[in-house]
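Visitor: Let's slow down and take a close look at a single part of this model. I'd like to start on the outside and then work inward.

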Amino acid sequence: MQKVDGVGGVFFRGKNTKLLSEWYEKHLGIDILNGVWMASGGPTVFMPFQADTDYFGQDTQQWMINFRVSDMTAMIEQLVEAGIEVITKPEWDSEIGRFARIHDPEGNPIELWEPAAY
C-alpha cells in the first residue's frame, strides 16, 4: 500500500499576504516569501477535531496550524521580545510535550509544540 510522505503544503486565505509572509519569516523562521519551506524532519500530527471543539478558540475557526519547535523556552522568549503575546497553560503540557499559543497579525491561531523525547 502506498502512503503519503508528509504534509506537502499549508494553504490559507489572508487579507495582506505580503505582511503575513514577512511575519511568519521574521518571527517563526519560515521563508515562505519564495513559496517553499524546507521543514526539518520529525513527527507531524494529523488529526480532525469535532466540529464543536473549543480547542481552537473561535467557533468559526476551521483550522489551526501546529508548528514543532526544538526549544520552547527560547522560542517564547524570542516572541515575547518581539511584542507577540504567548499563551501557555499548564494543563496543555503532557507526556507528549509542551504547548504554547500565539496569533498571527490577522488573528489566526498558531500552536507551538515541543515534543517530548521520542
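Visitor: Which residues form a nonpolar patch on the surface, and about how much accessible area do they have together?

Guide: That's Val7, Val10 and Phe12, which together have about 250 Å² of accessible area (Shrake-Rupley, 1.4 Å probe, only the protein chains shown as cover). A patch takes residues with over 30% relative accessible area and no salt bridge, nonpolar side chains being joined within 5 Å and like charges within 9 Å; a salt bridge is a Lys or Arg side-chain nitrogen within 4 Å of an Asp or Glu carboxyl oxygen. Keep in mind that this is a predicted model, with local features needing pLDDT of at least 70 and side-chain atom pairs pLDDT 80 or more, while totals for chains, interfaces and linings use all residues. Numbering runs from 1 along each chain as its sequence is written, and side-chain values use heavy atoms, without hydrogens or water.

Within the patch, Val7 sits in the segment before α1 and counts as exposed because its relative accessibility is 55% (exposed is over 50%, buried under 20%, partly exposed in between). Follow the chain into helix α1, residues 17-28 (DSSP runs: H or I of at least four residues for helices, E of at least two for strands), and you meet His27. His27 is buried, with a relative accessible area of 10%. Leaving out residues up to four places away in sequence, His27 touches Met75, Gln78, Leu79, Ala82 and Ile84 (heavy atoms within 4.5 Å). Among these, Met75, Gln78 and Leu79 fall within helix α2, residues 72-81.

Both helices lie against the sheet. Helix α1 lies across β1, β2 and β3, at about 25° to β3 (axes fitted to C-alpha atoms, angles from 0 to 180 degrees between N-to-C directions). Helix α2 lies across β2 and β3, at about 15° to β2.

As for the sheet itself, three strands make it open and mixed, in the order β1-β3-β2 (a pair needs at least two DSSP bridges). β1 (65-68) and β2 (97-103) are the edges, each with a single partner strand, so one side of each has no neighbour in the sheet. Direction ignored, neighbouring strands are turned by 25° against each other on average.

β1 runs parallel to β3 (residues 109-115) over four bridges, and Asn66 stands opposite Glu111 in β3. On the other side, β2 and β3 pair antiparallel over seven bridges, with Phe99 partnered by Trp113 in β3. Five residues separate β2 and β3 in this hairpin, and Gly107 in the turn has a positive phi of about 90°. Even as an edge strand, β2 is mostly covered, with five of its seven residues buried.

Conventions
Buried < 20%, exposed > 50% of the residue type's maximum accessible area, 1.4 Å probe, protein only.
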